[in-house]
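Let us walk through this model together, strand by strand and then out to the surface. Please keep the sequence and the 3D view open side by side as you read.

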Amino acid sequence: MPEDWNDDEVLLGVLRRALTEPPPVPEGVLRAARGAFAWRDIDGELAALTYDSSLDDLALSGVRSQQAGLRAMTFATSSTTIELEVVDGCLLGQIVPPGALTVEVQTLDRAPSTVTVDELGCFTVDPSPTECFRLQVQGAETTTTGWITL
C-alpha cells in the first residue's frame, strides 16, 4: 500500500490498478460455478434434505457429555428416500425402495465414480468424499441429492 494518500498521482495509480487488474476469483466461487454446469440429468428429480443430524439442537441432547461421532442425513422425493450416515471416514447409505440401482458420486473437481448397490439398497463410499459432493441414484428414474459438505 502506498504511504502518501495525499498525493493525487499515487491515488490515481492505485485506482488505475484496481480497475485494470481485477483480483483473482476465489476458488470456492469457481467450484460453485463449475457445479452449476455439472447438472447431468435435468429431467431427474432433486431429493430434498429432510433430516441432518448436524442441525439437531444440542439442548435436546439430554445428559450426554459429548456428541456422537456420526452424522446422519435423509434425502427424499415423493418416491425415493436416500439415508446416509458418516461413520469412521466411510459414507454408508441405503436407498428405499431398493431395486436395480447404481449410485454415482459426483464432485466438483474430479470425474464421477460409481459404487455398487446391493439387493437391499445399501451401498458404501469408502473413504467418504472430503470435498463437496452429491449422489445421483439411477434406476427406473434418476434421483439426485443436493450438494453435500461433510
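How many residues lie between β8 and β9 in the hairpin that they form? There are 3 residues between these two strands. Before going further, a word on the source: this is a predicted model, in which local features need pLDDT of at least 70 and side-chain atom pairs count only at pLDDT 80 or more, while totals for chains, interfaces and linings use all residues. Residues are numbered from 1 along each chain as its sequence is written, and side-chain values use heavy atoms, with hydrogens and water left out.

Strands here (E, at least two residues) and helices (H or I, at least four residues) are DSSP runs, numbered from the N terminus. Two strands are said to pair if DSSP finds at least two bridges between them. With that in mind, go back to the hairpin: β8 covers residues 133–138 and runs antiparallel to β9, with 3 bridges joining them. To find the register, look for Q138, which stands opposite T142 in β9.

Now stay with β9, which spans residues 142–145. T142 and T144 point one way from this strand, T143 and T145 point the other way, and all are buried. Buried means under 20% relative accessible area, exposed means over 50%, and partly exposed is in between (1.4 Å probe, protein chains only). β9 also has a parallel partner: β1, residues 45–52, pairs with β9 over 3 bridges. Here L46 stands opposite T144 in β9.

From β1 you can step across to β2, and this pairing is antiparallel, over 4 bridges. L49 is a handy marker, standing opposite F75 in β2. β2 itself covers residues 71–76 and is mostly covered, with 5 of its 6 residues buried. Strand β3 (residues 81–87) pairs with β2 in the antiparallel sense over 6 bridges, and the two strands form a hairpin with 4 residues between them. In this pairing R71 stands opposite V86 in β3.

R71 deserves a second look. Side chains of opposite charge can pair when their charged atoms come close. The test used here for a salt bridge is a side-chain nitrogen of Lys or Arg within 4 Å of a carboxyl oxygen of Asp or Glu. The structure holds 2 salt bridges. In one of them, the side chains of D52 and R71 meet at 2.6 Å, N to O. Because D52 lies in strand β1 and R71 in strand β2, the pair ties together parts that are 19 residues apart in sequence. D52 is buried at 8% relative accessible area, and R71 also counts as buried, at 18%.

Another salt bridge links E131 with R110, whose closest N and O atoms are 2.2 Å apart. E131 lies in the loop between β7 (122–125) and β8, and R110 in the loop between β5 (102–107) and β6 (113–115), so this pair ties together parts that are 21 residues apart in sequence. R110 counts as exposed, at 52% relative accessibility.

The loops hold some backbone details too. Most residues other than glycine have a negative phi, and most peptide bonds are trans. V96 and P97 are joined by a cis peptide bond, with omega about 0°; P97 lies in the loop between β4 (90–96) and β5. The bond from D126 to P127 is also cis, with omega near 0°, and P127 lies in the loop between β7 and β8. In the loop between β3 and β4 you will find D88, which has a positive phi of about 50° although it is not a glycine. D88 counts as exposed, at 77% relative accessibility.

Finally, turn to helix α1, residues 8–20, where E9 is found. E9 is exposed at 58% relative accessibility. L11 lies in helix α1 as well, and is partly exposed at 31%.
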